[in-house]
Amino acid sequence: MAKKRPQKKAAGAPQVTNGEVPVVGAREPCPCGSGRRYKACHGRAAAHAVTELVQRPFEGLAGECDWVALRELVPAATAPLHLRGGLPEGVPSVTLATVLPMAWPALRRDDGSVLLALQNDASSGDLSRDLADTLQRALEAEPGTPVAARRVPVEGPRLQDLLDPEAGFEPVVHTGFEFWVPESAEGASPEVSASLERANAAAIPTVKLPGVEAAYWCETPEKNHLRWVMPHPEEELLDALARLHAAGTSSLGEGTRLVGSFRAHGLVVPVWDLPSAMSAEVCEKPAAEFAERLAGALASGAPLTAEERRARGGLTNRQVTLS
């Protein structure tokens, strides 16, 4: 067997002595000076870290269920964000938004305030790290400029590192995207105005139920829906829903039906069909009553009956994974 030739260090390659290897192009010489291409050297670990999927990117944040809802279900919403150690000088506020005009990842407004978009595409397998990188760059951007997307550094901080863990998370659902344009502004640019018009035309009317956590009513032409992001472990939640379904108590009243669930960012989102006449206000009381029934079913440690197992199988077959 032929012997492998020893790798020679590339002439003129920078020698890294502090343990930090910068990211370069895949075919470029690795900055560590090994003589190998970056993708065959330190790029291997970087590529793995970038593509490894974090199943619950918002775990540990206040309001994890609402983070998932705003990422996947709610068209137009905002929520104030609170940073560890307070806001930097010249930044009066930081606000999370579902989307921004022209799909900007973030925007530093003229007054220095920051808007961070939640529904943009991720460049890595860790959405929390992607958002944290965008937020850091927005805080340092010149006022009046959007922040562009980029490949996120492997060892960068996550939202859990930047946000105040003691602060709450209180989303505000909007009927449209007028929050893009500050009240003090005389008018939006033609590009923003066109983007605003398109976004408003596509937005589905959505309301957050105040009486229960992370439950969102929405209106569609044929029927209304309730989509409820729940924090419980998936297997336990499906067992509990199956118990209620088999007992005939999984609905939210006459004309309503539990039709299945979504999986999103490590959490389960049960979905109910509602009659068109059932408004968000009417839905609130039966949703609160269902929450009490669900708590009882979650507390049960008895094995599922044959009927409950069949109900569970039906619910599992009607799951759709969003992320």
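Good morning. I begin with the pairing of strands E1 and E2: strand E1, residues 77–80, runs antiparallel to E2, and three bridges join the two. Please bear in mind throughout that this is a predicted model.

One pair illustrates this arrangement: proline 80 has threonine 95 of E2 as its bridge partner.

E2 also pairs with strand E4, residues 114–117; here the strands run parallel, joined by four bridges. Within this pairing, leucine 96 lies opposite leucine 116 of E4.

Are the two faces of strand E2, residues 94–97, covered or not? Both are covered: Val94 and Leu96 are buried on one side, and Thr95 and Ala97 are buried on the other.

I turn now to the nonpolar cores. The largest has 41 residues, and the members that touch the most others are Trp67, Leu135 and Val229. Which elements each supply at least two residues of this core? They are helix H2 (64–72), strands E1, E2 and E4, helix H3 (127–140), helix H4 (159–162), and strands E10 (257–264) and E11 (267–274). Helix H3 gives the largest share, six residues.

Let us look more closely at tryptophan 67. Leaving aside residues up to four places away in sequence, tryptophan 67 touches Phe58, Leu61, Ala62, Leu81, Leu96, Leu118, Leu159, Leu163 and Phe169. Leu96, in this list of contacts, is also one of the buried residues of E2.

Finally, there is a second core, separate from the one just described, with 26 residues. Among them are Val212, Trp228, Val268 and Leu274.

Thank you for your attention.

Technical notes. Residues numbered from 1 in each chain as written. Predicted model: local features only at pLDDT ≥ 70, side-chain atom pairs only at ≥ 80, totals over all residues. Heavy atoms only, no water. Buried < 20%, exposed > 50% of the residue type's maximum accessible area, 1.4 Å probe, protein only. Pairing = 2+ DSSP bridges. Core = buried A, V, L, I, M, F, W, Y, C linked by side-chain atoms within 4.5 Å. Contact = heavy atoms within 4.5 Å.
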